[in-house]
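Student: I should like to go through the reasoning behind the terms used for this structure. May we set each value against its definition?

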Amino acid sequence: MARIGVFVCWCGSNIAETVDVVKASETIAKIPGVVLSTDYKYLCSDPGQDLVKQAIKDHNLTGVVVASCSPRMHEPTFRKAAAQAGLNPYMLEMANIREQCSWVHDKKEDATQKAIDLIRMMVEKVKRNKPLQNVKIPVTKKALVIGGGVTGIQAALDIASGGIPVILLEREPSIGGHMSMLDETFPTLDCSQCILTPKMVEVAQHPLIQIITYSELESLEGFVGNFKVKIRKKARHVDIDACTGCGTCWQKCPTKVTSEFEQGLGKRKAIYIPFPQAIPSRPVIDEDHCLKFTSNRCGICEKVCPTKAVHFDDQPVIIEEEVGAIVVATGYDLMKTSDFGEYGYGKYKDVVTSLQFERMVCASGPTLGDLQRPSDGKKPKTVVFVKCVGSRDPEHHYPYCSKICCMYTAKQTMLFRHKVHDGNAYVFYIDIRSNGKNYEEFVRRASEHEGAQYIRGRVSMVYQDGEDLVVEGADTLTNSQVKIKADLVVLATAMKSPEGIKELAQKLGIGYDQHGFLTEAHPKLKPVESSTAGIFLAGCALSPRDIPDSVSEASGAAAKVMGLLSKSELEKDGVVATVRECSCTACQNCVKVCPFGAISLKDIKDRQGNLIRQVANVNPGLCTGCGTCTPSCPSRSIDLQGFTDEELYAEINAMALL
Amino acid sequence: MQVNINKDVNLLEFGEDLKQIAETDVKKCYQCGKCTAGCPLNYLMDISPSQVIRFCQLGMKEKVLNSRSIWYCIFCDTCSTRCPQGVDIKGVMDGLRRIARSEKIKPKADVRALEKSFASSIYSFGRVYEPGVVAGFNLLSGKLLHDVILFPLLLIKRKICLIPHFVRSSEVRKVFKRARKKERSI
Amino acid sequence: MNYAYYPGCSLESTSPDFHLSTKALIEFLQMDIEEIPDWTCCGASAIHPDNKLLSLALPSLTLDSANKIKKDIMVQCPACYAHLREAQHALKLEDEMTEGIHEVLNKKVDPSLNIKHFSEILVHEYGMDKLEEKRVKSLEGLKVASYYGCVIVRPKKVMAYDDPENPQLMDQLITMTGATAIDWPFKTKCCGAGNSISRTEVVLDLTYEILRMAKQNGAEAISVLCPLCHINLDLRQKAIEKRYKTKFNLPIFYYTQLLGLSFGLDPKKLALDRLFVSPFPLLRNKGLL
C-alpha cells in the first residue's frame with residue numbers, strides 16, 4: 001500500500017510568486033495514496049530537510065515527492081536525506097515546478113494548475129518506483145599521467161605521494177617539457193631549470209613513479225577505475241638499462257641535426273639527448289637523420305659504446321597497462337615566425353620567437369648565454385619585443401589571448417638589459433595583462449626600474465633594410481607611426497594546442513574545442529575534470545596559462561585521482577539498464593544503439609555446457625543510464641531502472657487522462 | 001578636447017549607420033593601432049586611421065567628416081588586410097567621403113578635382129581620355145602648369161592619344177544620370 | 001582557354017607598352033583571346049568615393065559585354081580586375097544594391113562568368129611547363145624585383161589572387177624566363193596609385209622607398225603588372241631621383257615584356273622603346289639583345 005509524502009517548496013518567492021503552493025499542496029493531498037501533503041519556504045535548508053526526514057519516520061512513508069527546483073540542483077541533497085531517514089533514496093522523486101513552471105510562466109492560475117499536474121505525474125511515478133541499489137565497481141589503484149612537462153611531473157609526484165603507483169608517459173626523449181627550455185621564470189626570475197630539475201630527479205627516483213619516454217598512447221579501453229591502455233614505445237635503439245649515459249656515442253657521431261630543443265638555433269647529433277639534464281639521461285637515435293638508417297653507413301656509436309647498449313635493430317613495442325585514472329597534461333605548442341607574412345615568413349634570421357629568445361639568453365643555450373644575433377653573431381643593442389603575434393587576431397589566426405606573453409615579455413626585457421646594460425628594449429603592446437600575485441609590480445619594475453620602453457600599438461610590418469630590421473609600429477597614445485631600426489625582433493607568438501592532440505583526445509573519448517584545447521566538464525566548478533569519468537585535465541592542455549596555475553591544477557587533478565582511487569570500490573548510480581532475459585531474442589538492437597558500448601551478448605548454456613541461446617547483457621559499470629536502449633528493443637526486454645516503462649507510462653497517464 | 005555625453009544620447013548610432021554604408025562594424029575595433037602602423041599616408045593625415053575609427057565609435061561625426069585624413073586615404077587596403085578584427089578601415093574612409101559629399105562638406109584635398117575630371121571624361125566618352133582628365137584637373141585645381149612638361153614627353157613615346165574615342169557614350173551617360181538620381185534618393 | 005580581353009583605359013592610352021606586349025604574347029602563344037569590342041571604363045578609383053552605385057554599375061556594363069559574346073573575361077589592369085570583381089560580387093548578392101544596378105543599367109546582368117588575370121591564366125591554365133618549352137632565350141643573369149602593387153592582392157577575399165604578404169605568381173613567371181626573381185619585402189607596398197596626378201609628391205615619397213629597397217636587395221630591374229605602378233616608377237623616376245638626389249637607373253618592365261624577350265620576340269613589338277627609363281643599356285650589358 002503506497003504511503004506517499006508530498007512536499008511543495010515556496011523557494012522564497014521564486015516559486016510562490018507564480019504558483020499558489022498552498023493550493024497545490026491541498027489539491028495533491030486528495031490523491032489516493034498521498035498520506036501527507038505540505039508546503040515549506042526553503043526545503044533545501046537544514047530545517048527543510050529535517051522536516052522531510054521526520055515525516056518519513058512519523059508517517060512510515062514508502063515514497064516522497066519534493067516539488068521544487070530542477071533535480072540537477074538538489075536531487076542528491078534530498079535523496080541523501082531520505083537515505084538518512086531509512087528510505088531507499090530512489091523512492092524519492094522531484095517535480096520541477098521552478099525551471100519548468102514558475103520561471104517560465106506568469107499567469108498564476110495556469111501556472112498553479114500546471115504545477116499540480118507536474119506533481120501528480122511524479123506521485124503516480126513514485127507509486128511504481130522500485131528501491132534500487134548503487135552499482136559497485138572495482139578500482140585499479142594505479143594512475144597514468146600523459147605529458148611529462150612541469151604539470152605532468154607535479155601531478156605524478158602528488159599522486160605517488162598518496163601511495164598510488166603512477167606511469168608518467170612522455171613522447172619526447174626526456175621529461176621536462178617547455179619549462180626546461182626557459183631561462184628565468186616570472187615573477188621571481190628564478191632560473192627555470194634550477195627549480196624544475198629537482199622535481200625531475202624526484203620523479204626519476206620515486207619508487208612509485210615509472211617514467212616511460214619516447215612513447216605515446218596507442219589505445220584506451222574500459223571505464224573509470226578500470227582502464228586498459230596500450231602504449232607504443234618508439235624504437236630508441238639504445239638499451240636504457242645497459243647505457244651509462246657516458247656520452248661517447250654522441251661525441252663521435254658525425255651527423256649534425258637542427259636541434260628541436262634549441263628551437264632551431266643550435267645543433268644536436270643523430271644520436272642524442274635533448275639537453276644535459278635530460279631524464280632519462282639516455283640517448284635516442286633519430287632514424288630520419290642517422291646515417292645507418294638513411295644510407296646504411298657509419299654505425300660508429302655501436303662500435304664505441306663501452307656497454308654495447310646501441311641496437312640498430314630495435315623495433316617499436318606495444319605494452320599494456322591497467323590503470324584506474326588518467327591525467328592529461330599534454331601542454332602546448334607555440335606559433336612560429338614562418339606563420340606570419342608581415343613579419344617575413346621566417347626568412348629574417350634576426351626575427352625570433354619568444355622561446356627562441358629564451359634559448360639565446362640561457363646559459364645552457366646554443367651560444368652559452370652570450371646574446372648574439374643569429375645572422376652575424378653581433379651583440380644586439382636595440383631589441384624590439386612585439387606582443388600579441390597571432391593572439392587576439394580572429395581574422396587571421398587565434399581569437400584568444402595567450403595569457404603569459406605580457407608577463408614573459410616584461411621578463412625578457414629585463415633578461416636582455418641584464419646582459420646588455422646599455423641596450424634599448426622596446427615593447428609594442430595593446431594591453432598589459434598582469435593579474436597574478438606580484439605580477440603588476442613585476443611589469444612596473446620592467447618599465448620603471450629596468451629601462452624597458454613600452455609603446456602602445458601593434459606592429460604592421462617588419463622587414464630587413466640593409467643590416468637593420470625595420471619595425472613599423474604605432475603609438476596610439478600619441479597617434480603616431482613609430483618606425484624603429486632594430487638589431488633583433490622578438491615575437492611573442494600565440495600559444496596553441498600541440499600536434500596530435502585531436503587524435504589523442506579521440507582515443508581517450510574526451511572533448512576539445514575548435515582550437516584543439518581540451519574541454520573541462522564545467523568551466524567554473526569542474527576545471528580539472530573532463531566529461532569522461534576517470535579522466536582529468538591540467539595545465540596548458542586546457543588553454544594558455546602560466547606555471548603557478550598549471551602546477552595548481554596538476555595538484556588539483558592529482559587530488560581528484562587520489563579521491564577516486566582511495567576506495568577499493570567505486571559506487572555508481574543505480575540508474576542502469578537491465579535485461580529481462582526470458583523475452584530477449586538477442587536481436588542486438590540495443591548493442592548497436594548503446595553510445596557507451598555497455599551492452600554485449602551473454603551466453604546461456606545448459607547443464608552440459610552446450611550453448612542454448614544468447615541474451616543481451618548490460619555492464620553496469622559502463623552504463624550511464626541514458627535510456628537509448630529501451631525504445632530500441634522490439635520485445636521490450638530491456639528497461640532502464642529508475643525510469644521504467646511502467647513508471648513513465650504512469651506519468652503520462654497522470655497528465656493526459658482524467 | 002572635451003566630450004560631454006548627455007543622458008538621452010546613443011553613441012552607437014553613427015556606427016550603425018556606417019555599418020550600412022561601409023558594410024563593416026566599427027564596434028569590433030579595439031584600437032590596437034596596426035592600421036596606423038602600416039598606413040603609407042599616415043604622415044600626411046591629421047588624425048590617424050585608428051583615431052578615425054575611434055571617433056566613429058564615439059559618434060563624433062563632425063570630427064571625422066571635417067578631417068584631412070579621409071581625403072588622403074589612397075585605398076591601398078593595407079589597414080583592412082592586416083586588421084586583426086577584420087574591420088574594413090578603407091571601407092570606412094570611403095563611406096565617410098560619401099557621407100561628407102551628401103552633407104555638402106568641402107573636401108580637404110585636391111581629390112575632388114581629379115575625381116570630377118575623371119568622371120566627366122567617362123561621362124562624355126565612355127572611356128577615359130587622359131589629356132582631357134589632366135587638363136580638367138589642372139583647371140579645376142588651379143594648378144595650371146602641373147605636369148605640363150610631361151605632355152611632350154608622352155607624345156614622343158606615343159603614350160597619349162590626342163583624339164578621344166566615343167564608345168557607347170550615350171548609354172554610359174544614361175547610366176550616370178540614373179545612378180546619380182537614385183543615389184540622391186537613397 | 002577562350003577569353004575576352006578587357007584592356008581598360010590606361011592600357012589604351014598611357015600604357016600602350018603593356019597593351020602591345022600583351023597582344024604580342026597572345027599572338028605568339030596562339031591563345032584564343034580577343035578584345036571585347038565595345039568595352040567602357042570600369043570607373044577606377046574616381047567613382048566609388050562619390051557614388052557607390054555608379055561605381056558598381058559601370059563595370060557591370062563590361063560584364064554584360066562579355067556575356068553578349070559568351071566569354072570569360074581576361075584582364076591586365078589590377079584596378080579593372082578589382083572593380084569587375086566587386087561588381088560581380090554585388091550582383092551575386094541579389095540584394096537592394098543588385099536591384100539598383102539592374103535598374104540603372106536598364107537590364108539584368110548575369111554575374112556567373114569568370115574573371116581572370118592574364119598571369120593567372122599563364123601560370124594555372126597555360127602551364128609553366130608549356131611556357132618553358134617556348135623559351136628560346138634565357139634571361140639568365142638578370143636580377144628582377146617583382147612588384148605587384150597593392151590593388152591586385154588586396155582585399156584578399158575579393159581578389160583571391162595570391163598571398164598579400166609575399167605573392168609568387170609573377171615571380172614564377174620571371175624565374176621561368178631564366179632571370180632571377182629576387183626576394184624583397186616591398187612586393188605589395190603601395191606606390192601611391194591614383195595620386196600620381198593630384199598629389200605627385202606623395203607618389204614620389206612612396207615610390208622612392210620602393211626603388212630604394214629594390215636596389216638594396218640587388219635588383220637591376222623591376223617587373224610590374226599594374227599600369228599605374230608603372231607610370232609612378234618609370235615616368236616619375238627622374239623626378240624621384242631629383243627630389244632625393246640619388247640615381248637609380250632601374251628599368252621598369254611589364255612582366256609581359258620580359259616574357260616576350262625570353263620567347264625571342266622583337267623588342268619593338270614588345271614596345272620596349274616606349275619605356276622612359278631605357279632598358280637597352282642593361283639588356284645589352286647582359287647580352288640579352
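Student: Why is the meeting of the side chains of B:K34 and A:E342 called a salt bridge?

Tutor: The term requires a side-chain nitrogen of Lys or Arg within 4 Å of a carboxyl oxygen of Asp or Glu. For B:K34 and A:E342 the N to O distance is 2.8 Å, so the pair satisfies the rule. Across the interface of chain A and chain B, the rule finds 1 salt bridge. The model is predicted, so local features need pLDDT of at least 70 and side-chain atom pairs pLDDT 80 or more, whereas totals for chains, interfaces and linings use all residues. Residues are numbered from 1 along each chain as its sequence is written, chains are lettered from A and ligands numbered from 1 in the order in which they are written, and side-chain values use heavy atoms, without hydrogens and water.

Student: What makes up the contact between the two chains, and how much area is buried?

Tutor: Contact (heavy atoms within 4.5 Å) takes 21 residues from chain A and 19 residues from chain B. Chain A and chain B bury about 1,600 Å² between them, 45% of it on carbon and sulfur atoms; this is accessible area (1.4 Å probe) lost on being put together, summed over both parts.

Student: Why is the pair of A:F261 and A:F275 called stacked?

Tutor: Rings of Phe, Tyr and Trp (its six-membered ring) pair if their centres lie within 6.5 Å; planes under 30 degrees apart count as stacked, over 60 as edge-to-face and the rest as tilted. The centres of A:F261 and A:F275 are 4.6 Å apart and the planes stand at 20°, so the pair is stacked. The two residues lie in separate loops of chain A, so the pair ties together parts that are 14 residues apart in sequence.

Student: How do you know whether A:F261 and A:F275 are buried or exposed?

Tutor: Buried means under 20% relative accessible area, exposed over 50%, and partly exposed in between (1.4 Å probe, protein chains only). A:F261 has 7% relative accessibility and therefore counts as buried; A:F275, at 5%, counts as buried too.

Student: Why is the pair of C:Y6 and C:W39 called edge-to-face?

Tutor: The ring centres of C:Y6 and C:W39 are 5.6 Å apart and their planes stand at 90°, so the pair is edge-to-face. C:Y6 is buried, with a relative accessible area of 0%, and C:W39 counts as buried at 0%.

Conventions: Helix = DSSP H or I, 4+ residues; strand = E, 2+ residues; numbered from the N terminus.
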